[in-house]
Structure formats: C-alpha cells, structure tokens
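Got your viewer open? Grab the mouse and follow along, one selection at a time.

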Amino acid sequence: MAKAKNNNKNNADICKTCNAPCCRDITMLITKPRSKADVNELTQYLHFDTARVFIRNNKWYLTFDGKCIYLSKNNLCKKYTKRPARCRRHTPPDCERFADFYDVLFSTPEEFEDYLSKIKL
Ligand code: SF4
Ligand code: SF4
C-alpha cells in the first residue's frame, strides 16, 4: 500500500496526522490459486515472517511489510510531488487507517490451510 495525499485538503490533513501504515508494506495483485502447485507456492510465501496473503472483493493479494525509503521520520512522503501513481490513488477514507483492507487475511500456512479446507477453489 502507499501513502497518498490528493488535492482534497481534508484528505491531505488526514494523512498528515497518520503514521502512514500504507507506506509500510508493499502489496501485489496475484492470481487466485487454482491448482495444487499454486497453493503450494502461496503456502511457501507464507513461511516468511512479514508475508501475508489477503482477499478483498474477490481479488487476491500478496503483501510484505517493509517501510518505503521515501517515508520521512515524521511520516510524510519525501518525494510527494513525484510519488508513484499507486500512491496517488490510495486516499482516505478508503484506506487501512479507517477499515480493514481485507475480507480474509492469512499470515501463516496454517491459516491458509484452514481456509482452504472450508472452501472450494
Ligand atoms: S513514495 Fe511516498 S507516498 Fe509512496 S509509499 Fe513511499 S513514502 Fe509513501
Ligand atoms: S493510511 Fe490512509 S490516512 Fe494514513 S497516510 Fe495512508 S492514505 Fe493517508
């Protein structure tokens, strides 16, 4: 996820008072697992301590914790005017400060396995 402040002054003010959780992980859209090989691969990702897989609006994502190198000590973006498009698109209130960013979240292989035992892929 990425910290963004858009032209809406209210949103910018909201971001200024936030510790920027959205700049402290990197999230990638992934294909929903369909085969045993897909499941094995996602399971292996979850062996890593900061990796998580989540589902939101029927889309699957892989995310890793890690602070963006352009996040300042006071939680502001050091390259604000040149921040990437994905950072610009990420704005309150549709962000993790105000709500869970997932419908289902797996932090460990066991949680993923438990979920798979209850659904049909
Ligand atoms: S570039 Fe700026 S807005 Fe984007 S993740 Fe890094 S600190 Fe956050
Ligand atoms: S989590 Fe939301 S409110 Fe906080 S900096 Fe990111 S976009 Fe702004």
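Start by selecting ligand 2 and showing everything around it. You should find 14 residues in its surroundings, and the closest are Cys-15, Cys-18, Cys-22, Cys-95 and Arg-97. Now colour that shell by residue class: nine residues are nonpolar, two are polar and three are charged. Keep in mind, as you click around, that this is a predicted model.

**How far to trust it**

Switch to colouring by confidence. The protein chain has an average pLDDT of 91, and 93% of its residues score at least 70. Then select residues 1–6, where the pLDDT is below 50. In the model this stretch still has 30 contacts beyond near neighbours in sequence.

**Zoom out**

Now go to the cartoon view of the whole protein chain. There are four helices and four strands to pick out. Walk along the sequence and you'll meet them in the pattern α-β-α-β-β-α-β-α. The C-alpha trace spans about 45 × 25 × 20 Å along its principal axes.

How many of the 121 residues count as buried, as a percentage? The figure is 17%. Here's another one for the whole chain: take the contacts with a separation of 6 or more, and 68% of them come from residues 24 or more positions apart.

**The sheet**

Hide the helices for a moment. In what order do the four strands sit in the sheet? Reading across, the order is β1-β3-β2-β4, in an open sheet with antiparallel pairing. At the edges are β1 (25–30) and β4, each of which pairs on one side only. Ignoring direction, neighbouring strands of this sheet are turned by 25 degrees against each other on average.

A bit of background while you look: strands of a sheet pair through backbone hydrogen bonds, either parallel or antiparallel.

Let's cross the sheet one pair at a time:

- Select β1 and β3. Six bridges link this antiparallel pair. Click Leu-29, and look opposite it for Tyr-61 in β3.
- Next, select β2 (residues 51–56) with β3 (residues 59–65). These two strands are antiparallel as well, over six bridges. Try three residues here: Ala-51 has Phe-64 in β3 as its bridge partner, Val-53 has Leu-62, and Arg-56 stands opposite Lys-59.
- Finally, select β2 and β4 (residues 104–106). They run antiparallel and are joined by three bridges. Click Ile-55 to find its bridge partner in β4, Val-104.

While the side chains are showing, here's a rule to look out for: in a regular strand they alternate between the two faces of the sheet.

**The turn between β2 and β3**

Zoom in on the hairpin of β2 and β3, which has two residues between the strands. Asn-57 takes a positive phi near 50 degrees there. Then click Asn-58, which is in the loop between β2 and β3. Asn-58 isn't a glycine, yet its phi is positive too, at about 65 degrees. Is Asn-58 buried or exposed? It counts as exposed because it has 7 C-beta neighbours inside 10 Å, and the cut-off for exposed is 12 or fewer.

**The loop between α1 and β1**

Move to Ala-20, in the loop between α1 (9–16) and β1. Ala-20 has a positive phi of about 60 degrees, although it is not a glycine. Ala-20 has 23 C-beta neighbours inside 10 Å, so it counts as buried; the threshold is 20 or more.

Stay in this loop between α1 and β1 and select Cys-23. Cys-23 is buried because 26 other C-beta atoms lie within 10 Å. Now draw a distance line from the C-alpha of Cys-23 to the C-alpha of Asp-65. These two residues are 42 residues apart in sequence, and the distance in space is 9.2 Å.

**Last stop: a cis bond**

Find Pro-93 in the loop between α3 (85–89) and β4. Which kind of peptide bond runs from Pro-92 to Pro-93, cis or trans? Check the omega angle: with a value near 5 degrees, the bond is cis.

Key. Residues are numbered from 1 along each chain as its sequence is written. Chains are lettered from A and ligands numbered from 1 in the order in which they are written. This is a predicted model: local features need pLDDT of at least 70, side-chain atom pairs count only at pLDDT 80 or more; totals for chains, interfaces and linings use all residues. A residue is near a molecule or strand if its C-beta atom, placed from the backbone, lies within 6 Å of it. Ala, Val, Leu, Ile, Met, Phe, Trp, Tyr, Cys and Pro count as nonpolar, Asp, Glu, Lys and Arg as charged, and the others, Gly among them, as polar. Two strands pair if DSSP finds at least two bridges between them. Two residues are in contact if their C-beta atoms, placed from the backbone, lie within 7 Å. Axes are lines fitted to C-alpha atoms, for helices over the stretch in contact, and angles run from 0 to 180 degrees between N-to-C directions. pLDDT is the predictor's confidence in each residue, from 0 to 100.
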